[in-house]
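Me: Please take a close look at one part of this model, the largest pocket, and set out what lines it and how that part sits within the chain as a whole.

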Amino acid sequence: MRYRLTFVAGLALGYVLGTRAGRERYEQLKKSARRIAQNPAVRNTAETAAQQGRVYAGKAFHTVSDRVGERVPASVADRVRSLRERTINGTEEDDWGTSNT
């Protein structure tokens with residue numbers, strides 16, 4: 001899904017930059033993109049994808065930490081631990097993929 005969205009965004013950008021449609025067509029495309037981005041279904045899907053990404057990142061963290069063990073530098077381990085504690089304690093202030101509406 002992510003690759004499809006990236007392709008569509010690239011296609012739209014290429015169209016805008018590669019044609020001589022003028023400012024009017026650019027404004028029309030911009031308005032359509034804004035309408036799509038503000039659609040509740042699109043926002044909910046983006047939020048769900050972000051949450052799933054966080055879940056998979058947590059699973060990956062456990063897998064990597066089990067395999068790597070103590071070979072990680074202390075500075076990196078401390079940073080990861082602090083980020084993990086923020087998420088566990090519910091004080092995560094990450095706005096990636098959240099609608100906040």
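Reply: Sorted by class, the residues that line the largest pocket comprise 14 nonpolar, three polar and two charged ones. The model is a predicted one, and the space within this pocket comes to about 810 Å³. Of the 19 lining residues, those closest to the centre of the pocket are Leu5, Thr6, Val8, Ala9 and Ile36. The elements that each give two or more residues to this lining are helix 1, helix 2 (23-37) and helix 3 (40-68), and among these elements it is helix 1 that gives the most, with eight residues.

Val8 deserves a second look, since this residue belongs both to the pocket and to a patch on the surface. Val8 is part of helix 1, which spans residues 2-18, and is among the lining residues closest to the centre of the largest pocket. Is Val8 buried, partly exposed or exposed? Its relative accessibility is 48%, and because the partly exposed class runs from 20% to 50%, Val8 counts as partly exposed. Together with Phe7 and Leu11, Val8 also makes a nonpolar surface patch of about 330 Å².

Further along helix 1 lies Ala12, which is likewise partly exposed, with a relative accessible area of 39%. The C-alpha atom of Ala12 is 9.9 Å in space from that of Lys30, although 18 residues separate the two in sequence.

To place the pocket in its wider setting, one may turn to the whole chain. The secondary structure of the protein chain amounts to four helices and zero strands, so that, by DSSP runs numbered from the N terminus, the order of elements reads α-α-α-α. Of the 101 residues in the protein chain, 2% are buried, a class that requires under 20% relative accessible area. The area that the protein chain exposes is about 9000 Å², with 57% of it supplied by carbon and sulfur atoms.

Helix 4 covers residues 74-88 and contains Arg84. With a relative accessibility of 36%, Arg84 counts as partly exposed, and its C-alpha atom is separated by 9.7 Å from that of Phe61, a residue 23 positions away along the chain.

Terms used:
Residues are numbered from 1 along each chain as its sequence is written. This is a predicted model: local features need pLDDT of at least 70, side-chain atom pairs count only at pLDDT 80 or more; totals for chains, interfaces and linings use all residues. Side-chain values use heavy atoms; hydrogens and water are left out. Patches are made of residues with over 30% relative accessible area and no salt bridge: like charges are joined within 9 Å, nonpolar side chains (Val, Leu, Ile, Met, Phe, Trp, Tyr) within 5 Å. Accessible areas come from the Shrake-Rupley method with a 1.4 Å probe; for residues, only the protein chains shown count as cover. A salt bridge is a side-chain nitrogen of Lys or Arg within 4 Å of a carboxyl oxygen of Asp or Glu. Buried means under 20% relative accessible area, exposed over 50%, partly exposed in between (1.4 Å probe, protein chains only). On a 1 Å grid over the protein atoms alone, a cavity is a set of points where a 1.4 Å probe fits but cannot get out, and a pocket is an open set with protein on both sides within 12 Å along at least five of seven lines; lining residues have an atom within 4 Å of a point. Grid points are joined across faces, edges and corners, and a volume is the space filled by probe spheres set on the points. Ala, Val, Leu, Ile, Met, Phe, Trp, Tyr, Cys and Pro count as nonpolar, Asp, Glu, Lys and Arg as charged, and the others, Gly among them, as polar.
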